[in-house]
Amino acid sequence: MPKLTRLAILDDYQGVALTRGPWDRLPREITLEVFRDTLTDVDALATRLAPFDAILMMRERTAFLQPLLSRLPNLRLLITTGARNRSIDLAAAAAQGITVCGTPGFGNPTVDLTWGLILSLMRRIPEQQASLRAGGWQLAPGGSVGDTLEGKTLGMVGLGNLGTRVAKVGAAFGMKVIGWSQNLTAEKAAAAGATAVDKATLMAEADVVSMHLVLSDRSRGIIGAADLARMKKTAVIVNTSRGPLIDQPSLIAALQEGRIAGAGLDVFDAEPLPPGHPILAAPNTVLTPHLGYVTEENYRQYFLGAVEAVEGYLAGAPVRQLRAD
């Protein structure tokens with residue numbers, strides 16, 4: 001029978017992992033250790049994690065690629081929250097005899113956050129709240145007031161599962177929805193209630209641009225300086241997918257120069273954001289610390305799934321196992 005003795009829970013920024021999962025179901029001989037910080041240096045990671053035979057990842061906060069995996073000879077079970085994780089070298093894991101498992105999640109919480117960012121930008125909710133708390137009333141930042149969504153154009157960069165759900169909310173607000181991605185067809189766009197257009201048209205016509213693509217070599221930097229230059233001065237861009245989809249220096253420049261009206265960002269090139277990062281000082285932004293999947297319901301599903309993954313491994317019947325294509 002397989003055995004496990006030490007389980008590391010990584011990147012628990014909020015210190016909530018041990019209170020959100022049924023860890024008491026695990027055998028007593030398994031010791032749990034929680035790490036709240038994120039290490040990016042492979043040497044430091046290898047030293048920290050070498051004693052563990054089981055590791056629970058929090059999404060893609062720490063990558064498990066071959067250079068790290070090769071230095072973890074004791075590792076037998078690697079669990080990722082969620083059903084897939086592009087920051088795991090599954091082929092290298094298989095070559096080392098490491099079982100990799102995913103977990104279920106709850107709903108599509110990124111949709112909620114996307115609309116929270118859009119509404120905050122369009123109705124200037126953060127500025128209005130700050131003004132009210134400071135004793136003001138109906139602040140007009142820079143002489144402007146909030147905009148309604150009805151009648152505006154929502155530009156969807158990506159119309160997969162999440163993008164389609166975001167698009168349908170936009171339609172419910174009375175927005176015109178257009179979409180583009182490298183593989184989007186007119187038929188698929190229509191099924192999501194959108195009209196397929198080319199990228200240049202989307203960037204020029206949208207009042208709100210919302211990003212919903214998987215990060216890959218093909219999509220990295222897919223929104224660059226030329227795309228941002230096509231946006232209306234009154235338009236905003238929202239990214240709850242992956243930071244590198246947008247060329248960040250170009251976005252910061254567009255914000256600083258007032259060439260677009262604002263940006264709502266939940267994802268960044270570097271996470272956690274280092275102190276003094278220029279995006280923190282960029283004007284007309286609403287910034288959140290990668291909270292798209294961070295909800296009570298989702299966490300409970302993640303950590304329940306992690307316990308099930310350990311139980312399945314110990315029983316010799318891994319659940320939700322991930323394999324290289």
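This tour moves through a predicted model, from the annotated spans to the nonpolar cores, then to a buried threonine and the salt bridges.

**The annotated spans**

Begin by selecting residues 31-320, which UniProt, in an unreviewed entry, lists as "domain: D-isomer specific 2-hydroxyacid dehydrogenase catalytic". The C-alpha atoms at the two ends of residues 31-320 lie 23 Å apart, and the span is 34% helix and 14% strand. Next, colour residues 116-292, for which UniProt, again in an unreviewed entry, gives "domain: D-isomer specific 2-hydroxyacid dehydrogenase NAD-binding". Here the end C-alpha atoms are 10 Å apart, with 32% of the span in helix and 15% in strand.

**The nonpolar cores**

Now show the side chains of V209, M211, I223, M231, I237 and L251, which have the most contacts inside the largest nonpolar core, a set of 27 residues. If you display secondary structure alongside them, you will find that β7 (176-180), α8, β9 (208-211), α10 (248-256) and β11 (262-265) each supply at least two residues of this core. Of the contributing elements, α10 gives the most, with four residues. Centre the view on M231, and, setting aside residues up to four places away in sequence, you will see that M231 touches M203, V209, V236, I237, R259 and I260. Another core, of 25 residues, lies apart from the one around M231, and V16, I30, M58 and V310 are among its members.

**A buried threonine**

Select T103 next, in the loop between β5 (99-101) and α4 (109-122). Is T103 buried or exposed? Its relative accessibility is 2%, so T103 counts as buried, the limit being under 20%. The T103 side chain comes to 2.9 Å from the backbone nitrogen of G82. Beyond its neighbours within four places in sequence, T103 is in contact with a set of residues that includes I79, T80, T81, G82 and A83, as well as Q301, Y302, G305, A306 and R320.

**The salt bridges**

The structure holds 13 salt bridges, of which three pairs are visited here. Start with E296 and R20, whose side chains meet in a salt bridge at 2.7 Å from N to O. E296 belongs to helix α11 (residues 296-314) while R20 sits in the loop between β1 (6-9) and β2 (31-34), so this pair ties together parts that are 276 residues apart in sequence. Both ends are partly exposed, E296 at 36% relative accessibility and R20 at 22%. Add R300 to the selection, and you have R20, E296 and R300 linked in a network of salt bridges.

Move on to R71 and D43, which form a salt bridge with their closest N and O atoms 2.5 Å apart. Because R71 lies in the loop between α2 (66-69) and β4 (77-80) and D43 in helix α1 (residues 42-49), the pair ties together parts that are 28 residues apart in sequence. R71 is partly exposed, with a relative accessible area of 36%, and D43 counts as partly exposed at 43%.

Finish with K199 and D227, whose side chains meet in a salt bridge at 3.4 Å, N to O. This pair links distant parts of the chain, with K199 in helix α8 (residues 199-205) and D227 in helix α9 (residues 225-230), 28 residues apart. How accessible D227 is can be checked by its surface: at 8% relative accessibility, D227 counts as buried.

Terms used:
Residues numbered from 1 in each chain as written. Predicted model: local features only at pLDDT ≥ 70, side-chain atom pairs only at ≥ 80, totals over all residues. Heavy atoms only, no water. Salt bridge = Lys/Arg side-chain N within 4 Å of Asp/Glu carboxyl O. Buried < 20%, exposed > 50% of the residue type's maximum accessible area, 1.4 Å probe, protein only. UniProt positions renumbered as here; feature names shortened; annotations may be inferred. Polar contact = N/O pair within 3.5 Å; in protein donor to acceptor, adjacent residues only side chain to side chain. Contact = heavy atoms within 4.5 Å. Core = buried A, V, L, I, M, F, W, Y, C linked by side-chain atoms within 4.5 Å.
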